[in-house]
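Please look over the sequence and the structure below. The report then takes up the ligand site, the nonpolar cores and a few loop residues.

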Amino acid sequence: MKLLAFSASNSQHSINRALVTYAASQSNSDDVEVLDLNDFEMAIYSIDRENNSGIPEQAKLLFDKIGQADAILISFAEYNGSFTSAYKNIFDWTSRIDQKVFQNKPVLMLATSPGPGGAANVLDSAVTSAPYFAAEVVGSLSIPSFYQNFDLEKNKFMNDDLNERLLALVNKLEC
Ligand SMILES: Cc1cc2nc3c(=O)[nH]c(=O)nc-3n(C[C@H](O)[C@H](O)[C@H](O)COP(=O)(O)O)c2cc1C
């Protein structure tokens with residue numbers, strides 16, 4: 001199984017990247033690629049830019065990477081209750097290639113934040129809108145209070161219940 005994973009954040013120290021990288025490492029896939037959104041940075045989407053210059057190569061590259069994957073793992077960072085502008089911009093450009101951005105792939109959607117809300121708002125938005133973008137969501141999980149539940153140095157959960165729930169979902173991705 002070719003597993004494509006990324007954090008929907010452009011932070012160099014993204015806790016969502018730590019989470020998604022850990023989750024990917026728990027899968028049986030021998031072909032995992034963890035993307036960095038910084039490699040897909042584009043000018044802010046505008047219809048005028050699109051009309052004048054077309055769709056940037058970075059968006060085409062991401063669309064192709066999704067198309068070549070067997071399964072997708074995303075962890076969403078939440079800014080002001082919604083997607084980070086970095087992710088939203090990349091998503092908007094990519095959706096101009098085809099609204100079916102996720103191309104009917106199985107997708108596991110995670111989210112985390114340092115606070116007790118665990119980025120649940122953005123996760124809810126992503127799950128609710130998934131059918132419009134042809135994402136076959138196999139499950140979703142918000143991890144609250146990341147630093148209290150995950151040991152970044154040891155790269156493991158301190159909270160066994162959350163760890164088990166995550167592993168069960170990663171397992172569903174492989175079915
Ligand atoms: C502009 C901004 C807005 C934020 N808004 C929220 C929010 O609405 N909910 C939340 O749980 N955390 C919020 N945070 C804190 C983020 O969850 C925190 O920065 C987290 O580390 C982002 O994930 P990342 O490390 O994967 O980039 C916000 C942070 C910033 C910089």
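What follows is a short tour of a predicted model.

## The ligand site

Start with the residues around the ligand. From the early part of the chain come Ser-9, Ser-11, Ser-14, Ile-15 and Asn-16, among others in the shell. The shell also includes the run Ala-77, Glu-78, Tyr-79, Asn-80 and Gly-81. Ser-113 and Pro-114 belong to the shell as well. By class, the shell has 4 nonpolar, 7 polar and 1 charged residues.

Several polar atoms sit close enough to the ligand to list by distance. The side chain of Ser-14 places an N or O atom 2.6 Å from a ligand oxygen. Ile-15 uses its backbone: an N or O atom there is 2.9 Å from an oxygen atom of the ligand. Glu-78 faces a nitrogen atom of the ligand instead, with a polar side-chain atom at 2.7 Å. On its own the ligand has 620 Å² of accessible area, and the protein covers 66% of that.

## Asn-80 and Ser-145

Asn-80 is one of the residues around the ligand. Its place is the loop between β3 (71-76) and α4 (85-95). Its phi is positive, about 50°, although Asn-80 is not a glycine. Is Asn-80 buried or exposed? Its relative accessibility is 84%, so Asn-80 counts as exposed; the cut-off for exposed is over 50%.

Ser-145 also has a positive phi without being a glycine, here about 40°. This residue lies in the loop between β5 (135-143) and α6 (146-149). Ser-145 counts as buried because its relative accessibility is 17%, and buried means under 20%.

## The nonpolar cores

In soluble globular proteins, nonpolar side chains tend to be buried together. In this model, the largest nonpolar core has 32 residues. Which of them touch the most other members? They are Ile-72, Ile-74, Phe-76, Tyr-87, Phe-102 and Met-109. Two or more residues of this core come from each of β1 (2-8), α3 (57-68), β3, α4, β4 (105-112) and α5 (120-129). With 4 residues, α4 gives the most.

Ile-74 shows how the core is joined. Beyond its neighbours within four places in sequence, Ile-74 contacts Phe-6, Ala-8, Val-20 and Phe-102, among others. Its contacts also include Val-107, Leu-108, Met-109 and Leu-110. Another core, of 24 residues, lies apart from the largest one. Among its members are Leu-3, Val-138, Phe-146 and Leu-166.

## Helix α4

Why is α4 described as largely enclosed by the rest of the structure? Because 8 of its 11 residues are buried. The buried residues are Ala-86, Tyr-87, Asn-89, Ile-90, Phe-91, Trp-93, Thr-94 and Ser-95. They pack against β1, α2 (47-53), α3 and β3. Of these buried residues, Tyr-87 also appears among those that touch the most other members of the largest core.

## Gly-118

Gly-118 lies in the loop between β4 and α5. Its relative accessible area is 0%, so Gly-118 is buried. How far is its C-alpha atom from that of Ser-142? The separation is 5.4 Å, although the two residues are 24 residues apart along the chain.

Leaving aside neighbours within four places in sequence, Gly-118 contacts Ala-111, Thr-112 and Ser-113, among others. Ser-142, Ile-143 and Pro-144 are also in contact with Gly-118. One of these partners, Ser-113, is also one of the residues around the ligand.

How values were computed:
Residues are numbered from 1 along each chain as its sequence is written. This is a predicted model: local features need pLDDT of at least 70, side-chain atom pairs count only at pLDDT 80 or more; totals for chains, interfaces and linings use all residues. Side-chain values use heavy atoms; hydrogens and water are left out. Buried means under 20% relative accessible area, exposed over 50%, partly exposed in between (1.4 Å probe, protein chains only). A residue is near a molecule or strand if one of its heavy atoms lies within 4 Å of it. A polar contact is a pair of N or O atoms within 3.5 Å; within protein, one must be able to donate a hydrogen and the other to accept it, and residues adjacent in sequence count only if both atoms are side-chain atoms. Accessible areas come from the Shrake-Rupley method with a 1.4 Å probe; for residues, only the protein chains shown count as cover. Ala, Val, Leu, Ile, Met, Phe, Trp, Tyr, Cys and Pro count as nonpolar, Asp, Glu, Lys and Arg as charged, and the others, Gly among them, as polar. A nonpolar core is a set of buried Ala, Val, Leu, Ile, Met, Phe, Trp, Tyr and Cys residues joined through side-chain atoms within 4.5 Å. Contact means heavy atoms within 4.5 Å.
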